[in-house]
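Trainee: I am new to this structure and would be grateful for a close look at one part of its surface. Could you take me through where charge gathers there?

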Amino acid sequence: MAIVLQILKVIGIILLVILSVLLLVVALVLFVPFRYRVRTGKEEEITADVRVSWLLHFIRVDVLYQKEVNIKAAVLGITVFDKKKREEKKRKKEAAAADKTGGKKDKCRKNKDKDNKEDTEAEDISEEVGAGSSNPRKDESKAASGTEDGDTSKTEDKNKKDNKNNKKRKSHFFAKKKITFAEWIDAQLDKLAALSDRIADKIDSFADHTEEMIDKAVDTYIYYDKLLFSKGTEWVIEYGKKHTIPILKDICPRKVSGDLYFHSDDPAKAAKLWEFYALATPLLDRLPGKIDLTSDMEDEKMTFHLTVKGRVFLFVVAWHGLLLILNKKVRRFIKLLKREDV
């Protein structure tokens, strides 16, 4: 009995350790922020670098763009996934497999060529032996008759081919008979008439369906007008604001920095750019950082650099998101927006 209790005690300790480790991992995921950094710029070509890290770079994911997209993932600084290297390995494997198949085909061809050579050599030897045993006069007469038969057969084949080519030329000539200008105009007029008939049919169908389309538009306007000004809608909108604003605040970047260098010989272009910058200053002032603008009259170029940094607490996103999704009134309002049967 004591042994059983000791075993149960050990199992309980192991389960407690596992549960505590799981709870620690969940707490770290929820309460330790995921940090992101986005850097983009243009000197000669556009480049971009997106980095997402967690727990002091314990896990890091990089997305790099420079003509091509490359994705890297690392755990404790050790690269676990690299898209470029993986693709290079695949290419090398495919090339090696192609070389192997090509080598096998070459070997098969060489073997076939050797067999054919051996067969031809054996045939030549047998012909020579047969020729040595036969009478020379009979052979000469056979050769002469063979050459005459060959010449006559060749001439007959040539005549047949010439006759076939002449027939084909005649049929091709009659098939490609030229059409008169009047016939061509008639054909074009027929095409135009068919096109006008199609356009008229489409206009008629559109005119037939315009009333239905107007009725649908009016119905949708009346439906959403009633929905937005109904009793429970105001509460749902306020509840949505209450829980979406914290999510947006958590996701929004904490630091923004950038610069834009605009080089142009035309002073009018530079003046327009400064005008747009002046109009955008109220919005730029709200950003947590600075975006500088400089213009130059010497060279005609445009370069920019932009860096965005932020962090996301998964607990905030998960908590407010669940409160929105699990609320019955919000779900009912979403179904009403989609015009689904409630």
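Mentor: In this predicted model, the protein chain has eight helices and eight strands. Of its 342 residues, 11% count as buried. The accessible surface of the chain comes to about 28,800 Å², and carbon and sulfur atoms hold 62% of that area. As for contacts with a separation of 6 or more, 59% of them join residues 24 or more positions apart.

Against this background, let us turn to the positive charge. A surface patch of positive charge brings together Lys72, Lys84, Lys85, Arg86, Lys89, Lys90, Lys92 and Lys93. Helix H2, which covers residues 83–133, is the element that gives the most to this patch, with seven residues. Lys92 may serve as an example, as this residue lies in helix H2. Its relative accessible area is 62%; because exposed means over 50%, Lys92 counts as exposed.

The surface also carries a patch of negative charge, made up of Asp197, Asp201, Asp204, Asp208, Glu211, Glu212, Asp215 and Asp219. One of these residues, Glu211, lies in helix H4, which spans residues 181–228. Glu211 has a relative accessibility of 60% and is therefore exposed as well.

To draw the two together: Lys92 belongs to the positive patch and lies in helix H2, whereas Glu211 belongs to the negative patch and lies in helix H4.

Conventions: Residues are numbered from 1 along each chain as its sequence is written. This is a predicted model: local features need pLDDT of at least 70, side-chain atom pairs count only at pLDDT 80 or more; totals for chains, interfaces and linings use all residues. Side-chain values use heavy atoms; hydrogens and water are left out. Patches are made of residues with over 30% relative accessible area and no salt bridge: like charges are joined within 9 Å, nonpolar side chains (Val, Leu, Ile, Met, Phe, Trp, Tyr) within 5 Å. Accessible areas come from the Shrake-Rupley method with a 1.4 Å probe; for residues, only the protein chains shown count as cover. A salt bridge is a side-chain nitrogen of Lys or Arg within 4 Å of a carboxyl oxygen of Asp or Glu. Lys and Arg count as positive and Asp and Glu as negative; His and the chain ends are not counted. The place of a charge is taken as NZ of Lys, CZ of Arg, CG of Asp or CD of Glu. Helices (H or I, at least four residues) and strands (E, at least two) are DSSP runs, numbered from the N terminus. Buried means under 20% relative accessible area, exposed over 50%, partly exposed in between (1.4 Å probe, protein chains only). Contact means heavy atoms within 4.5 Å.
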